[in-house]
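Below are my comments on the structure, set out as numbered points. Please read them with the coordinates open.

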Amino acid sequence: MNNPYLRAATAACAAALLVTACSSSSGDEAPDAASSAHDVETSFGTVSIPDSVTSVVVIDGRRDLDIALAFDLPIVGMPVETEAPPEIPGPLTEPTRALLADGVPELYPRNVVDIESIARVDPDLIMGRDEVVEEIYDQLSAIAPVLPVGSTGSGTTWQQDVETVGDALGLQGKASEIIAAYDARVEEVTVSNAAAIADTVVLPISTSDEGGISVGRERVPSIALVDVGARFGSAWNDATPEVEYGPENITAASDAQALIAAITSEEDLRAMNANQLWTNLPAVQSGRVVRTDKFTNDGGPLTAMWTLDLVEQLYAAAPPVSG
């Protein structure tokens, strides 16, 4: 599995020559052998979580899956992703393929939670987005303890979720490592692209089904751009935290010299390219559009690290979007 945090941990252990030394330096403590579970406070109350988690089901398949992968948790079930087209690789594309290759089952189509399918794989921990698990919390809790994570919509940062999961599972050292890896990458991108960051007006956008665009301050690409000190186009000021523009108003992005654009499907791209207002935008004209999909808008540490790669492409004068 292509996991930068796992690679970093392995390298650290190799340098120390002893796995036990790596474990102790991370701050993770071995569970009390006399105890099989411990109580954890969550947004839905107190849950009893096994000291040794051996099987995890992720409910939503976005931030919960992202965080589970970053911690290298033993995933035994996940939803089927039915919306993301195969022509758009994303931060969870390869890790998900690796899970499938290992025989991890897809339990149900995303956004249609099947309680019986979850029960059949008999997990000892369930992770899911808070606003998804809230409605079925009692049913899920009857199967296994539920550890909720947040989303951009609920105002919880992925770093907060990583710390919460680390605390709940006794993996505080791993949580610190994950967050530190992101911070180090932010510093690297900021320093190596300092001149371009200072000189380039940028904007992170998503396209709508109707051919318009939207700008959201709480999306992962937006946060990554804030973290590197980006200069934003004027539409950013109208995003409180989000603003939408119809197809006839996408000139709101005309002062941006470069765009990170969540254009999920080829059909969406063709629709945008059929709008002369879009093709006449300076960023589109100069080919400074870095394309991603809407699933990059929310996620965890893997998505955040992936997005920093997009940011680096943005400042390196990305090639034109094809379609």
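1. A cavity, in the sense used in this note, is a set of grid points where a 1.4 Å probe fits but cannot get out, and its volume is the space filled by probe spheres set on those points. Please keep in mind throughout that this is a predicted model.

2. On that definition, the structure holds 1 cavity of 30 Å³ or more, and the volume of the largest cavity comes to about 50 Å³. Its lining is made up of Pro204, Ile205, Ser206, Gly216, Arg219, Pro221, Ser222, Ile260, Ala262, Thr292 and Asn297. Sorted by class, the lining of the largest cavity consists of 5 nonpolar, 5 polar and 1 charged residues.

3. Which elements supply at least two residues each to the lining of the largest cavity? They are strand E8 (201–207), helix H11 (220–227) and strand E12 (258–262), and E8 gives the most, with 3 residues. Within H11, the buried residues are Val220, Pro221, Ser222, Ala224 and Leu225, and of these Pro221 and Ser222 also appear in the cavity lining. Just after H11, Gly229 adopts a positive phi of about 80 degrees.

4. Helix H8 (residues 158–169) comprises 12 residues, and the distance from its first C-alpha to its last is 16 Å, close to the 16 Å expected at 1.5 Å a residue. Its buried residues are Trp158, Asp161, Val162, Val165, Gly166, Ala168 and Leu169. Viewed down the axis of H8, these buried residues fall within an arc of 165 degrees, so they line one face of the helix. As general background, an α-helix has 3.6 residues a turn, so residues three or four places apart point the same way. Just after H8, Gly170 has a positive phi of about 70 degrees.

5. A search of the whole structure for aromatic pairs returns 3 of them, and two are described here. In one, the rings of Phe44 and Tyr137 have their centres 5.0 Å apart and their planes at 40 degrees, so this pair is classed as tilted. The pair links distant parts of the chain, since Phe44 sits in the loop between strand E1 (37–42) and strand E2 (45–50), while Tyr137 belongs to helix H7 (residues 137–141), 93 residues apart. With 26% relative accessibility Phe44 counts as partly exposed, whereas Tyr137, at 14%, counts as buried.

6. The other pair to inspect is that of Trp158 and Tyr182, whose ring centres lie 5.2 Å apart with the planes at 90 degrees, so the arrangement is edge-to-face. Trp158 lies in helix H8 and Tyr182 in helix H9 (residues 172–192), so the pair ties together parts that are 24 residues apart in sequence. Are these two residues buried or exposed? Trp158 has 5% relative accessibility and counts as buried, and Tyr182, at 3%, counts as buried too.

7. Several points of backbone geometry deserve a look, given that most residues other than glycine have a negative phi, and most peptide bonds are trans. Asp72 has a positive phi of about 55 degrees although it is not a glycine; Asp72 is placed in the loop between helix H3 (63–70) and strand E4 (75–80), and its relative accessible area of 42% makes it partly exposed. Asn111, which is not a glycine either, has a positive phi of about 80 degrees. Asn111 is located in the loop between strand E5 (106–109) and helix H5 (115–121), and at 52% relative accessibility Asn111 counts as exposed.

8. Where is the cis peptide bond with omega near 5 degrees? It runs from Thr240 to Pro241, and Pro241 lies in the loop between helix H12 (235–238) and strand E11.

9. Finally, Ser254 is found in the loop between strand E11 (242–245) and E12, and with a relative accessible area of 37% Ser254 is partly exposed. Its C-alpha atom is separated by 7.7 Å from that of Ala283, although the two residues are 29 residues apart along the chain.

Notes
Residues numbered from 1 in each chain as written. Predicted model: local features only at pLDDT ≥ 70, side-chain atom pairs only at ≥ 80, totals over all residues. Heavy atoms only, no water. Helix = DSSP H or I, 4+ residues; strand = E, 2+ residues; numbered from the N terminus. Expected span 1.5 Å × (residues − 1). Buried < 20%, exposed > 50% of the residue type's maximum accessible area, 1.4 Å probe, protein only. Arc of directions from axis to C-beta. Phe/Tyr/Trp six-rings, centres within 6.5 Å; stacked < 30°, edge-to-face > 60°. 1 Å grid on protein atoms, 1.4 Å probe; cavity = no way out; pocket = protein on both sides within 12 Å on 5 of 7 lines; lining within 4 Å. Nonpolar A, V, L, I, M, F, W, Y, C, P; charged D, E, K, R; others polar.
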